[in-house]
Amino acid sequence: MGRNSKITWNPYTPGYFENPYDHLRQCREENPVHIGMQNSWMFFRYEEVSDILRSGEFEVSEINEYFKQKEDYIFSGSGQCPYLSKGTKQWPMYLNGEHHKRVRMAMGKAFNSMPLAQLIKESIEECHLQFASFERLDITDYCAQFIFLVVEKMFGVSNYESLDKIRLYSNLLARSQDLFIPKQVYLDINKQFLWGKKIFSGSPYQEMIESSLEKDDAEEDLYSIMAISLMAAFETSKDNLSLSLYQILRKPDLIDTILSCSTQELNLLIEELFRFSSPLQYTVRINRKPLFVDGMEISENSKLYLCLASANRDSDKFDKPDELVADRNPNDHLSFGGGVHYCLGATIARQELRHCLKPMAQFLKDYQLASPEPIKWSKQIFMRTAKSIAVELKK
């Protein structure tokens, strides 16, 4: 039916949060480029999504502009959320040009100086000691504990207080980017931004970021960079790993595959897990010039929502797109975006899975998904997040 189809993207379609892919496939096949919610353009096919991500002619949408289109009350002028705008000011996925390059280089330099492989191996051993002998456990808790240990070592922080507090902090910062956030949640996000300022005080990570930037950078700018570093390292990694383990437990033969596979075979499986799960479902770009797609003109400075989750399931690009194919090769998925804004944490995410999947498969081989409904999904749109995944020992 092409662009004449009446279907439009709607995340409140029944069953969307449990399984968005049926709705996304229908959008991709029947109306792949259309104006959706908030008068923004939606893109669902791999070809367009990939071309826009990798082109140098598009910019990211600044988060302050995004906030302005939502509710005035979240800005400092209202007095209700005085820190929200400051806390997100230096997030690299919302920066362009030299500003983006400068912040990205500072974060990249700090990440590259960390002995990640060693930190990951130490963390998985500590995690398994904590979960030993559990007859029933929640995979999201298990993954959160592991990532918490990794992040604690990465950033060298000393005032975490508890996993639960960091989990709340990270999730609310991530939700600041989502659509349709209730007013109270913005107030909670602002509160968490203020609480989190103490996390990095005197930490080695703060010293690394300060050493990479100018001495006259405001304290709030430094904190903004550190906040997004922690949020991305914790929230995205937790979601990546939780969804990956869920798919592995759904196909128990994958555990034997993981335990016996070579490094090359493991790397292929990891890329397929990223493609299949697509924890980051959408990203946004701005066209600075008029854009023509399918005979339609998209005026300059339009907001373009690029559906990574749909592109990663496009049958024109991937054979058997709705199946997890362990040895898929090639696998040019878009889970980490593309171009100059390619995900800065992609290397960390890959290393985590390369070093933790085998010991986790060994640990989980005696477990199975609990019945009847092992998984509960969070009602988030940009990030696909599992609220809980229950598993139990096999009988």
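Here is a walk through this structure, from its core out to its loops.

Keep in mind that this is a predicted model. Let's start with the packing. The largest nonpolar core has 94 residues, and the members that touch the most others are Ile139, Tyr142, Phe146, Met154, Phe155, Tyr205 and Leu245. Which element gives this core its largest share? That would be helix 11, spanning residues 219–250, with 16 residues. Apart from this core lies another one, made up of 18 residues that include Trp41, Met296, Ile298 and Leu308.

To get a feel for the packing, put Met154 in the middle of your view. Leaving out residues up to four places away in sequence, methionine 154 touches Phe111, Met114, Leu116, Leu119, Ala233 and Ile348. One of those partners, Phe111, also turns up in an aromatic cluster, together with Tyr83, Trp91, Phe155, Phe193, Phe200, Tyr205 and Tyr223. Phe155 and Tyr205 from that cluster are also on the list of core residues that touch the most other members.

Staying with the rings, the structure holds 22 aromatic pairs. Take the one between tyrosine 246 and tryptophan 377: the centres are 6.2 Å apart and the planes make an angle of 85°, which puts the pair in the edge-to-face class. Tyrosine 246 sits in helix 11 and tryptophan 377 in strand 10, so the pair links distant parts of the chain, 131 residues apart. Are these two residues buried or exposed? Tyrosine 246 counts as buried because its relative accessibility is 10%, under the 20% cut-off. Tryptophan 377 is buried as well, since its relative accessible area is 13%.

Now for the empty space. A general point helps here: rolling a probe the size of a water molecule over the atoms shows where empty space is left. This structure holds four cavities of 30 Å³ or more. The largest contains about 910 Å³ of space. Its lining counts 46 residues, and the ones nearest the centre are Met93, Gln177, Thr236, Leu280 and Cys343. Helix 5 (97–112), helix 8, helix 11, strand 5 (282–287) and helix 15 are the elements that give two or more residues to this lining. Helix 11 provides the largest share here too, with nine residues. As for chemistry, the lining of the largest cavity has 26 nonpolar, 14 polar and six charged residues.

The second largest cavity holds about 70 Å³. Which residues line the second largest cavity? They are Tyr16, Phe17, Pro20, Gln281, Trp377, Ser378, Gln380, Ile381, Arg384 and Thr385. Trp377 is the tryptophan we just met in the edge-to-face pair. By class, this lining splits into five nonpolar residues, four polar ones and one charged.

Next, have a look at a charged residue. Glutamate 392 lies in strand 11, which runs over residues 386–393. Why does glutamate 392 count as buried? Its relative accessibility is 19%, and buried means under 20%, so glutamate 392 falls on the buried side of the cut-off. Not counting residues up to four places away in sequence, glutamate 392 touches Glu135, Arg136, Asp366, Tyr367, Gln368, Leu369, Ala370 and Ser371.

Finally, the backbone. As a rule, most residues other than glycine have a negative phi, and most peptide bonds are trans. Against that background, a cis bond joins asparagine 329 and proline 330, with omega about 5°. Proline 330 is placed in the loop between helix 14 (308–311) and helix 15 (346–364). A cis bond also runs from serine 371 to proline 372, with omega near 5°. Proline 372 belongs to the loop between strand 9 (367–369) and strand 10 (375–377). Serine 371, by the way, is among the contacts of glutamate 392.

Two residues other than glycine are worth a look for their positive phi. Phenylalanine 180 has phi near 60°, and its place is the loop between helix 8 (163–175) and helix 9 (183–196). With a relative accessibility of 35%, phenylalanine 180 counts as partly exposed. Lysine 320 has phi near 50° and sits in the loop between helix 14 and helix 15. Lysine 320 is partly exposed too, with a relative accessible area of 46%.

Methods. Residues are numbered from 1 along each chain as its sequence is written. This is a predicted model: local features need pLDDT of at least 70, side-chain atom pairs count only at pLDDT 80 or more; totals for chains, interfaces and linings use all residues. Side-chain values use heavy atoms; hydrogens and water are left out. A nonpolar core is a set of buried Ala, Val, Leu, Ile, Met, Phe, Trp, Tyr and Cys residues joined through side-chain atoms within 4.5 Å. Buried means under 20% relative accessible area, exposed over 50%, partly exposed in between (1.4 Å probe, protein chains only). Helices (H or I, at least four residues) and strands (E, at least two) are DSSP runs, numbered from the N terminus. Contact means heavy atoms within 4.5 Å. On a 1 Å grid over the protein atoms alone, a cavity is a set of points where a 1.4 Å probe fits but cannot get out, and a pocket is an open set with protein on both sides within 12 Å along at least five of seven lines; lining residues have an atom within 4 Å of a point. Grid points are joined across faces, edges and corners, and a volume is the space filled by probe spheres set on the points. Ala, Val, Leu, Ile, Met, Phe, Trp, Tyr, Cys and Pro count as nonpolar, Asp, Glu, Lys and Arg as charged, and the others, Gly among them, as polar. Rings of Phe, Tyr and Trp (its six-membered ring) pair if their centres lie within 6.5 Å; planes under 30 degrees apart count as stacked, over 60 as edge-to-face and the rest as tilted.
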